[in-house]
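This report describes the fold of one protein chain and then turns to a few of its residues. Please keep the sequence and the structure in view while reading.

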Amino acid sequence: MKEFVVVIPLSLLICFHAFSQSLNVKKLDSLFNILDSHGLATGSLAVSINGEPVYERAIGFAMLEGDKKISTDINTRYRIGSVSKMFTAVMIFQLIDEKKLDLNEKLATFFPGLPN
């Protein structure tokens, strides 16, 4: 019980402190500069507060073909590849577990206008 009484106020203090922190742009830039200089990552990051962008950064290359390299910028569009299939499968099986969907149900039930 004593541990519980100590842990709750300490957790609340840490949470309030975490929410009151400001964005450390220098540390973010330092991290992304290291990743970029060593070729360890490709991507874009945007941080917004209350819908207003406060930090945007892109690193890596959008295209690498032989000697041709095109750098990324904040507007670069990335291909998602097959990553979305895994998330879709998990969501479908969660719906099956919740009895909201049947595995044998035809797609035409939900999209009757689609051919085939």
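## Overall architecture

The model discussed here is predicted. Its protein chain contains three helices and four strands. Read from the N terminus, the order of the elements is α-α-β-β-β-β-α.

Of the 116 residues in the protein chain, 9% are buried. The chain exposes about 10,500 Å², and carbon and sulfur atoms supply 62% of that area. When contacts between residues at least 6 apart in sequence are considered, 30% of them join residues at least 24 apart.

## Helices 2 and 3

Helix 2 covers residues 25–37, a run of 13 residues. From its first C-alpha to its last it reaches 18 Å, close to the 18 Å expected at 1.5 Å a residue. At the start of helix 2, a side-chain oxygen of Asn24 comes to within 3.3 Å of the backbone nitrogen of Lys26. Just after helix 2, Gly39 adopts a positive phi of about 65°.

Helix 3 has 15 residues and occupies positions 83–97. The distance from its first C-alpha to its last is 22 Å, close to the 21 Å expected at 1.5 Å a residue. Helix 3 is followed by Lys99, which has a positive phi near 60°.

## Positive phi outside glycine

Most residues other than glycine have a negative phi. Against that background, which residue has a positive phi of about 55° although it is not a glycine? That residue is Asn50. Asn50 lies in the loop between strand 1 (43–49) and strand 2 (52–59). Its relative accessibility is 78%, and because exposed means over 50%, Asn50 counts as exposed.

Lys99 also is not a glycine, yet its phi is positive, at about 60°. Lys99 belongs to the segment after helix 3. Is Lys99 buried or exposed? With a relative accessibility of 72%, Lys99 counts as exposed.

## Arg57 in strand 2

Arg57 is placed in strand 2. Its relative accessible area is 17%; because buried means under 20%, Arg57 is classed as buried.

With which side chain does the side chain of Arg57 make a polar contact? The partner is the side chain of Asn33, at 2.7 Å. Asn33 falls within the residue range of helix 2, 25–37. Leaving aside residues up to four places away in sequence, Arg57 touches Asp29, Phe32, Asn33, Gly43, Ser44, Leu45 and Ile74.

## Thr72 after strand 4

Thr72 is found in the loop between strand 4 (68–71) and helix 3. Its relative accessible area is 11%, so Thr72 is buried under the cut-off of 20%.

A polar atom of the Thr72 side chain lies 3.1 Å from the backbone oxygen of Ile59. Ile59 is itself among the residues that Thr72 touches when residues up to four places away in sequence are not counted. The others in this set are Thr42, Gly43, Ala58, Gly60, Phe61, Ala62 and Tyr78. Gly43 is therefore listed as touching both Thr72 and Arg57, on the basis that contact means heavy atoms within 4.5 Å.

## Summary of the four sites

Asn50 and Lys99 are exposed residues, each with a positive phi. Arg57 and Thr72 are buried. The side chain of Arg57 has a polar contact with that of Asn33, whereas the side chain of Thr72 has a polar atom 3.1 Å from the backbone oxygen of Ile59.

How values were computed: Residues numbered from 1 in each chain as written. Predicted model: local features only at pLDDT ≥ 70, side-chain atom pairs only at ≥ 80, totals over all residues. Heavy atoms only, no water. Helix = DSSP H or I, 4+ residues; strand = E, 2+ residues; numbered from the N terminus. Buried < 20%, exposed > 50% of the residue type's maximum accessible area, 1.4 Å probe, protein only. Polar contact = N/O pair within 3.5 Å; in protein donor to acceptor, adjacent residues only side chain to side chain. Areas by Shrake-Rupley, 256 points an atom, 1.4 Å probe, with all protein chains shown as cover. Expected span 1.5 Å × (residues − 1).
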